[in-house]
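Here is a short briefing to read alongside the model. Have the viewer open as you go through the bullets.

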Amino acid sequence: MFVVGAILEQLMTLWNQIIFAISGIRFFDILDIIVIAVLVYKGIEFLRENRAGQLFKGIIILLIAYFFANWFELVMLRWLLSVIVDSALILLVIVFQPEIRRLLERIGRTRISRGNMMDEDIEQLSQCIDNISKAAGMMQESKTGALVVFERQTQLGEIINTGTIVDAVASVSMTNNIFFPKSPLHDGALIVRGGRLYAAGCILPLTQRSELSATLGTRHRAGIGMTENSDAVVLIVSEETGIISIVCDGQIKRNYNAVSAGAELKRLIIDSQFEKQDMSVVNALKRFNPFKKHDDKKEKGDK
């Protein structure tokens, strides 16, 4: 009985400590924990989908090596690693420059502009995608190389400055003329802004990923590099095979035709920008709707 009483006393003490700790928690403490948890989760997610993940592992290994060098008093190794650690911030900015830029661009993107888009703008963009997809189908048959960049929320002013301003209606004939083999603008990329052919002959950044297939040429690597540095969507027609590819977020999908390419572009550009409300307050409230399970059961029962 004495042992049981001691255990109960310990449990009561622990329970009182928990109650005391909970009673001292403010709303802003909970908010602080949630914000930190989201930042850590997004940071891990960002590192996993980028080459920065491998570099981050290398930094962890260096820190572990520094710890052991300090523990076992390895003077020379400790001095060398201390120099690296002292310059870690500058090294991180230099090494992770592309990833830091991409992360800041993601943070800076906003969906506020969605509410300002009119039906006429969406219709114009839809017609633009249809015409470019038809042109891509024609270039697929003739094996004419093409590289079309659809600007979304990230402004591509630096890329546009490398080419020639066209600012023309996105017609099938105009698209084909730009990529005609003897055209002076056919080697560069075509930038589509606001449903119009805005600039042509633009130079895109090449991806630095080494694991890509050797069958992907410069045009495909430029398209992947463009989507790694922005939220743009890129349409590519291979000059060697005529295969139509679409690139988004650094991921390339191939073997489209004119119809399927148009449908995929509309899904990525129109649906994602004007219809989906990811991470919105409304969706967050719906996730925590206490009647959702009951409504789902009722709906299944009705079916």
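**A hairpin, a surface patch and two cores**

In the hairpin of strand 6 and strand 7, two residues lie between the strands, and Asp 249 there takes a positive phi near 55°. This is a predicted model, where local features need pLDDT of at least 70, side-chain atom pairs count only at pLDDT 80 or more, and totals for chains, interfaces and linings use all residues. Residues are numbered from 1 along each chain as its sequence is written, and side-chain values use heavy atoms, leaving out hydrogens and water.

**Hairpin**
- Strand 6 (residues 244-248) and strand 7 (residues 251-256) run antiparallel and are joined by four bridges; DSSP must find at least two bridges for strands to pair.
- Val 247 has Ile 252 in strand 7 as its bridge partner.

**Nonpolar patch**
- A nonpolar surface patch of about 1100 Å² includes Phe 56, Ile 60 and Trp 71; patch residues have over 30% relative accessible area and no salt bridge, with nonpolar side chains joined within 5 Å.
- Helix 3 gives the most to the patch, with seven residues.
- Ile 60 is found in helix 3, and it counts as partly exposed because its relative accessibility is 35%, partly exposed being between buried (under 20%) and exposed (over 50%) with a 1.4 Å probe.

**Nonpolar cores**
- The largest nonpolar core (buried nonpolar residues joined through side-chain atoms within 4.5 Å) has 30 residues.
- Helix 7 gives the most to this core, with seven residues.
- A second, separate core of 19 residues includes Ile 159 and Leu 216.

Notes:
Patches are made of residues with over 30% relative accessible area and no salt bridge: like charges are joined within 9 Å, nonpolar side chains (Val, Leu, Ile, Met, Phe, Trp, Tyr) within 5 Å. Accessible areas come from the Shrake-Rupley method with a 1.4 Å probe; for residues, only the protein chains shown count as cover. A salt bridge is a side-chain nitrogen of Lys or Arg within 4 Å of a carboxyl oxygen of Asp or Glu.
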